[in-house]
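Here is a brisk report on one protein chain. Start with the sequence and the model below, then read on.

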Amino acid sequence: MEAPGIWHWSQQNKIYACMMVFFLSNMIENQCMSTGAFEITLNDVPVWSKLESGHLPSMQQLVQILDNEMKLNVHMDSIPLH
């Protein structure tokens, strides 16, 4: 299978390709954030909502939230069902 033409172009024009990815990702991020809704779910369970909290989580908060949720899931999985 032959690689797509955009792949060959990006390999020959790495600076332009990086700039294009940067600007496109910023455009997508701005479009998603303009609605004001930003939610994070883990295993279909909501763990963060910007609409409820009023702000975005910092990277440290996000890692802590996900770590706590994963520990809770592991703990809940180890409890025997009766």
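A residue is buried if its relative accessible area is under 20%, exposed if over 50%, and partly exposed in between (1.4 Å probe, protein chains only). Of the 82 residues of the chain, 12% count as buried.

This is a predicted model: local features need pLDDT of at least 70, side-chain atom pairs count only at pLDDT 80 or more, and totals for chains, interfaces and linings use all residues. Residues are numbered from 1 along each chain as its sequence is written, and side-chain values use heavy atoms, with hydrogens and water left out.

**Overall layout**

The chain has four helices and two strands. Helices (H or I, at least four residues) and strands (E, at least two) are DSSP runs, numbered from the N terminus. Along the sequence the pattern reads α-α-β-β-α-α. The accessible surface comes to about 7,300 Å². Carbon and sulfur atoms hold 64% of that surface. Such areas come from the Shrake-Rupley method with a 1.4 Å probe; for residues, only the protein chains shown count as cover.

Contact means heavy atoms within 4.5 Å. Take the contacts in the chain with a separation of 6 or more: residues 24 or more positions apart account for 16% of them.

**The hairpin**

Strand E1 covers residues 39-42. Strand E2 covers residues 45-49. The two pair in the antiparallel sense over four bridges. Strands count as paired if DSSP finds at least two bridges between them. E1 and E2 form a hairpin, with two residues between them. In the turn, Asn43 has a positive phi of about 55°.

In a regular strand the side chains alternate between the two faces of the sheet. E1 shows this alternation. Ile40 and Leu42 point to one face and are buried. Glu39 and Thr41 point to the other face and are not buried.

Across the hairpin, Ile40 stands opposite Trp48 in E2. Thr41 stands opposite Pro46 in E2. Pro46 counts as exposed, because its relative accessibility is 61%. Leaving out residues up to four places away in sequence, Pro46 touches Ile40 and Thr41.

**The nonpolar core**

In soluble globular proteins, nonpolar side chains tend to be buried together. A nonpolar core is a set of buried Ala, Val, Leu, Ile, Met, Phe, Trp, Tyr and Cys residues joined through side-chain atoms within 4.5 Å. Which residues make up the largest nonpolar core? Ile40, Leu42, Val47, Trp48 and Ile65 do, five residues in all. The elements that give two or more residues to this core are E1 and E2.

Val47 lies in strand E2. Val47 is buried, because its relative accessible area is 16%. Neighbours within four places in sequence aside, Val47 is in contact with Ile40, Thr41, Leu42, Ile65, Leu66 and Glu69. Val47 and Glu69 are 22 residues apart in sequence. In space they are 7.7 Å apart, C-alpha to C-alpha.

**Two serines**

A polar contact is a pair of N or O atoms within 3.5 Å; within protein, one must be able to donate a hydrogen and the other to accept it, and residues adjacent in sequence count only if both atoms are side-chain atoms.

Ser49 is found in strand E2. Ser49 also contacts Phe38 and Glu39, leaving aside its neighbours within four places in sequence. Ser10 is found in helix H1 (residues 5-12). Ser49 and Ser10 are listed below with their polar partners.

| Residue | Relative accessible area | Side chain reaches | Distance |
|---|---|---|---|
| Ser49 | 11% (buried) | Glu39 side chain | 3.4 Å |
| Ser10 | 16% (buried) | Trp7 backbone oxygen | 2.8 Å |

**The aromatic pair**

A pair of aromatic rings is described by the distance of the centres and the angle of the planes. Rings of Phe, Tyr and Trp (its six-membered ring) pair if their centres lie within 6.5 Å; planes under 30 degrees apart count as stacked, over 60 as edge-to-face and the rest as tilted. How many aromatic pairs does a search of the whole structure find? The search finds one. Phe22 and Phe23 form this pair, at 5.3 Å centre to centre. The planes stand at 70°, and the pair is edge-to-face. Phe22 is partly exposed, with a relative accessible area of 47%. Phe23 counts as exposed, at 53% relative accessibility.
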